[in-house]
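User: I should like to learn how strand order and burial are read from a model. Please proceed feature by feature.

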Amino acid sequence: MTSAPVDLPRKAGELRAAGYVPRTIKAEIRDNLLTELRAGRDPWPGIVGFSRTVIPQLERALLAGHDVVLLGERGQGKTRLLRTLMGLLDEWTPVIEGAELPEHPLDPITPASKRRAAELGDDLPVAWLHRSLRYAEKLATPDTSVGDLIGDVDPVKVAEGRSLGDPETIHFGLVPRAHRGIVAINELPDLAERIQVALLNVMEERDIQVRGYALRLPLDVLLVATANPEDYTNRGRIITPLKDRFGAEVRTHYPLDIDAEVDVVRQESHLTAEVGEPLLEVLARFVRHLRESNAIDQRSGVSARFAVAAAETVAAAALRRSAITGEEPAVARPVDLEAVPAVLRGKLEFEPGEEGRETELLEYLLRRSVADTARERFAGLDLTPLADAVAQGHLVSTGERIPGRDVLAALPELPVLHDVAARAGVEPDDSPGRIAAAVELALEALYLSKRLAKDADDDTTVYGA
């Protein structure tokens with residue numbers, strides 16, 4: 001974040017003369033959202049798979065001026081979506097310099113700021129706040145207190161001689177400090193009921209109450225929250241009056257198709273080695289099979305972070321092989337998928353009765369994902385010449401210590417290998433590692449269709465007749 005432009009007004013009088021009229025936070029977001037939509041720009045950068053479902057609902061809620069709760073299972077991008085709301089704020093907004101809350105210089109709300117504005121008039125100093133500082137986020141936890149969100153009496157200020165009835169004895173919490181901004185509460189139902197009650201006045205009357213002392217502050221905040229649908233019910237951990245205060249409930253979802261799932265993985269993962277499109281498709285299908293499995297607890301969901309972590313694990317396996325063999329560049333191959341079940345099993349919650357079968361289930365669904373991807377990639381391509389070559393004694397060994405050039409060296413020159421590489425998006429003159437990744441996928445497809453045998457030990461896999 002850079003400092004505010006030097007040509008912005010620095011006094012209340014200059015601000016008024018420049019035509020800065022106070023707007024509510026909801027009006028500001030509405031105006032900026034309409035500007036983006038009319039210009040044909042995407043107001044939601046980095047959000048994948050929601051363009052025809054979640055985004056239109058959220059945009060309608062914001063245009064209506066509603067507080068919003070996003071309902072969805074874990075790993076559906078709810079927090080990521082809320083954070084993009086920051087981009088709908090003005091880049092710089094004027095505040096009273098030195099004030100405890102970010103009040104508009106032409107519309108102060110605290111007694112201290114009103115007093116300063118009356119005394120200084122047009123000379124009231126103005127500072128400029130960047131939009132990144134107008135978004136406050138809180139993860140709801142059972143130990144969150146009213147003081148954290150709303151505020152509490154400050155004993156230091158009382159000790160200085162102020163009375164308990166003096167509003168200036170209050171130390172403000174997160175919500176008042178987000179005045180003229182966005183307050184995001186993650187996992188809202190995890191707040192204790194008495195804390196949920198403290199939010200009622202903030203959302204409806206826009207005032208706050210601290211230890212029985214009602215301080216009337218016309219707070220201007222957009223309150224957004226996330227919740228799991230299972231908890232966000234009258235029978236769950238959300239109180240009915242608070243649920244009623246939200247003007248819009250928007251349901252999120254996991255990516256609806258393979259392409260969207262791959263886009264999410266590609267965007268969110270930090271890969272230490274190259275992972276080709278076919279392997280990303282395998283991982284996308286793997287996650288979708290997990291979400292459809294009766295053995296997985298679907299109430300907790302299978303997060304998109306699982307696919308991201310799987311891709312990063314596969315890349316790490318390729319990087320390790322590159323370091324051992326000296327092969328460059330480091331390229332992931334299907335053999336690296338074997339690292340996924342063991343490393344990521346703990347990220348899933350299984351149904352009761354599945355104890356002891358977790359790894360077996362994951363390996364089965366992973367094989368199924370490989371078969372589905374290979375069938376899609378190689379549809380209409382006759383792999384018989386490759387199967388015949390292996391059956392005639394050209395055994396192919398692969399593993400974490402075998403470079404791609406050795407995989408290719410085990411096979412004779414076959415025209416079908418060029419077709420296999422092309423179907424995997426690899427050029428004929430590409431690196432051995434990339435071509436070997438495509439060939440391995442074809443070999444695995446032949447094995448899964450029972451046209452080849454496969455023998456595997458700790459670190460080597462051999463394809464044969």
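User: In what order do the three strands of the open sheet stand, and what is the sense of their pairing?

Analyst: One follows the pairing from strand to strand. In this predicted model, the order is E12-E14-E13, with antiparallel pairing. Strands E12 (396-399) and E13 (453-456) are the edges: each has a single partner strand, so one side of each is left without a neighbour in the sheet. From one strand to the next, the twist averages 20°.

User: How many bridges join E12 and strand E14?

Analyst: Pairing is read from its bridges. E12 and E14 (residues 460-464) are joined in the antiparallel sense by four bridges. Within this pairing, Thr398 is found opposite Thr461 of E14.

User: Which helix lies across these strands, and at what angle to E14 does it run?

Analyst: Here one compares the directions of two axes. Helix H19, residues 432-448, lies across E12, E13 and E14, and its angle to E14 is about 65°.

User: Is strand E10 mostly covered or mostly open, and how is each face read?

Analyst: A residue counts as buried when its relative accessible area is under 20%. In E10 (residues 221-227), seven of seven residues are buried. One face carries Val221, Leu223, Ala225 and Ala227, and the other Leu222, Val224 and Thr226; both faces are covered.

User: In what sense does E10 pair with strands E1 and E7?

Analyst: Each pairing is read separately. Strand E1 (residues 68-71) pairs with E10 in the parallel sense over four bridges, and Val69 has Ala225 as its bridge partner. Strand E7 (residues 181-186) also pairs with E10 in the parallel sense, over five bridges; there, Gly181 is partnered by Val221.

Note on methods
Residues are numbered from 1 along each chain as its sequence is written. This is a predicted model: local features need pLDDT of at least 70, side-chain atom pairs count only at pLDDT 80 or more; totals for chains, interfaces and linings use all residues. Side-chain values use heavy atoms; hydrogens and water are left out. Two strands pair if DSSP finds at least two bridges between them. Helices (H or I, at least four residues) and strands (E, at least two) are DSSP runs, numbered from the N terminus. Axes are lines fitted to C-alpha atoms, for helices over the stretch in contact, and angles run from 0 to 180 degrees between N-to-C directions. Contact means heavy atoms within 4.5 Å. Buried means under 20% relative accessible area, exposed over 50%, partly exposed in between (1.4 Å probe, protein chains only).
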